[in-house]
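I set out to look up two topics, the interface between chains and the enclosed space, and I keep my notes in that order.

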Amino acid sequence: MGMTMVEKILAAHAGEEEVKPGQLVNAKLDLVLGNDVTTPVAIKEFNKIGVEQVFDQDRIAIVPDHFAPNKDINSAEQCKMIREFAHDKEITNYFEIGEMGIEHCLLPEKGLVLPGDIVIGADSHTCTYGALGALATGVGSTDMAAGMATGEAWFKVPETIKFVYNGQLQEWVSGKDLILYTIGDIGVDGALYKAMEFTGEVIEDFSMANRMTMSNMAIEAGGKCGLIEPDETTLEYVKDRAQRDYTVYKSDVDAEYAEVIEYDVSEIEPQVAFPHLPENTKGISEVGEIKIDQAVIGSCTNGRLEDLRIAAKVLEGQKKADHIRLIIFPGTQEIYRQAMHEGLIDIFLDAGAAVSTPTCGPCLGGHMGILAKGERAIATTNRNFVGRMGHPESEVYLSNPAVAAASAIKGQIVGPREVR
Amino acid sequence: MEIKGQVWKYGDDVDTDVIIPARYLNTSNPKELAKHCMEDIDENFVDKMSNGDLIVAEDNFGCGSSREHAPLAIKAAGVSCVIANSFARIFYRNSINIGLPILECPEAVAGIAEGDQVEVDVDSGLIKNLTKEEEYQAAAFPEFMQELIDAGGLVNYVRRRVKNNE
């Protein structure tokens, strides 16, 4: 019997010929990641383990992005703690304000995550790197601490669900819509404890940005990871970025899947996830009249250059509605600079948007765009839980960048066809 | 480990944002986090609960963020055990790593009502509903996970391995 990509990656990193779902393995890690919220707890736990140094200073990435630039004194203390730890342990991949980005936009851009890797990150959206054909998964701070100390982590080999996307995409439909549609179909625990594998002709045609958006939200279906087989698009992306060797793993044709789910994307229109779960999805034509107070474009889900280009295409020559706050935050400094060179930032400013330095801030209700009681936002982010962007009685609707931009113009949730 | 207390019951998909909202994540002090435990799903949870009480919930408890602050807040608030139909995988892993007792047991979730007095033997997985005089058996943990639990969590387990040069 053949193996899936995930099984092959785990077997290779555990020194086994073969692994099977359900088996527990101890695997070597290619990268361990943390941010300013999770790393402080990891440092405290690391210091209890009794090792002086991390397993490999080049294989740890620490990114202050959640409450950075520091939003208050406590956050400043947390950022100071991780900065000092990174300095003390001589960690190569610590990214300070001004050179940082939202971790899951930044690490692929820097070539720090590569096909065939096993990456653990003390951030649930670490699954983003599945788009590169890596087994990347979110863990807590204690796992991060143990990973930093030993360079290893234990894993239960997951079963894999294969998702196949075929057909002709409608205009303005993107990776965000396909993953929202999928979560709407299988539910927020539809892939619990399982690996997701995204395949089909639509995925083959997708850019890396669209692929990363899909893998990013695997966790929103409860998935351990969301992988896409590396192809020419992947290799082209990593070619000038990779600074070490990597291995391409592909699922065998006779690999065993827990389930195979096929979608004809021709039927799928832009999706909106209603409060308070990402599975509460509707097609844009079924949304009805929902007035909004804020539109947020960016995040580790949709903060890449391609996302900003789409938003700019909708916003060009238009103004946001009077009462709306439109907040756009590019994923990294590099994306910000490129958006500036392409004139996207001018389009955003002309439309009345606030353009922010990269941060996770508004997505998790940290800072830079908190909602008051009773307020509503449309956001290209990943979660719409109770209180996610601020007051427990505020609401978040999730969409792709084109819908968020069009909604900012109209002051209510609409598709881009309403404004272009 | 013997656990006994009153049950506070919740539904499906209790996410880590309601267990500990991000606005409180500018600290990792468990005592500070505990003050806001479950605040956005049950504003008065911390005031009304007593030390040793249990949380019982339905499917996918702890979904969302990887924040270990969620099980830390629950543990520091004095909750002795969480029983659910299923747990989101990062929350499950974090709970075992930090030594918060959790059990998956749909029979218990179906049988236990809010306010019931419940006694749990974590080692055997036996759950006794003292109010209804019923018993439920949770599935045993895989051997390796039981080893982690017995060691008192992942850090103690790794510390021992490092010390023994394993």
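Entry one, the interface. I am working with a predicted model, and I find that the contact takes in 50 residues from chain A and 43 residues from chain B. The area buried between chain A and chain B comes to about 3,800 Å², with carbon and sulfur atoms giving 58% of it. On the chain A side, I note that T142(A), W154(A) and Y193(A) lose the most area to chain B, together 18% of what that side buries.

Entry two, polar pairing and the elements involved. I count three salt bridges between chain A and chain B, and I looked up the one that R93(B) forms with D143(A), where the closest N and O atoms are 2.7 Å apart. Polar contacts across this interface amount to 21 residue pairs, both members at pLDDT 80 or more. Which element of chain A gives the most to the side that touches chain B? I find that helix 2 does, with six residues, and that this side divides into 22 nonpolar, 16 polar and twelve charged residues.

Entry three, cavities. The search returned three cavities of 30 Å³ or more, and the largest holds about 230 Å³ of space. Its lining has 23 residues, with H66(A), D123(A), H125(A), L364(A) and R388(A) lying nearest the centre; by class I record eight nonpolar, ten polar and five charged. The second largest cavity, of about 40 Å³, is lined by residues of both chains, among them I219(A) and G222(A) together with C63(B) and R89(B), and its lining divides into four nonpolar, three polar and one charged.

Methods: Residues are numbered from 1 along each chain as its sequence is written. Chains are lettered from A and ligands numbered from 1 in the order in which they are written. This is a predicted model: local features need pLDDT of at least 70, side-chain atom pairs count only at pLDDT 80 or more; totals for chains, interfaces and linings use all residues. Side-chain values use heavy atoms; hydrogens and water are left out. Contact means heavy atoms within 4.5 Å. Buried area is the accessible area (1.4 Å probe) that two parts lose on being put together, summed over both. A salt bridge is a side-chain nitrogen of Lys or Arg within 4 Å of a carboxyl oxygen of Asp or Glu. A polar contact is a pair of N or O atoms within 3.5 Å; within protein, one must be able to donate a hydrogen and the other to accept it, and residues adjacent in sequence count only if both atoms are side-chain atoms. Helices (H or I, at least four residues) and strands (E, at least two) are DSSP runs, numbered from the N terminus. Ala, Val, Leu, Ile, Met, Phe, Trp, Tyr, Cys and Pro count as nonpolar, Asp, Glu, Lys and Arg as charged, and the others, Gly among them, as polar. On a 1 Å grid over the protein atoms alone, a cavity is a set of points where a 1.4 Å probe fits but cannot get out, and a pocket is an open set with protein on both sides within 12 Å along at least five of seven lines; lining residues have an atom within 4 Å of a point. Grid points are joined across faces, edges and corners, and a volume is the space filled by probe spheres set on the points.
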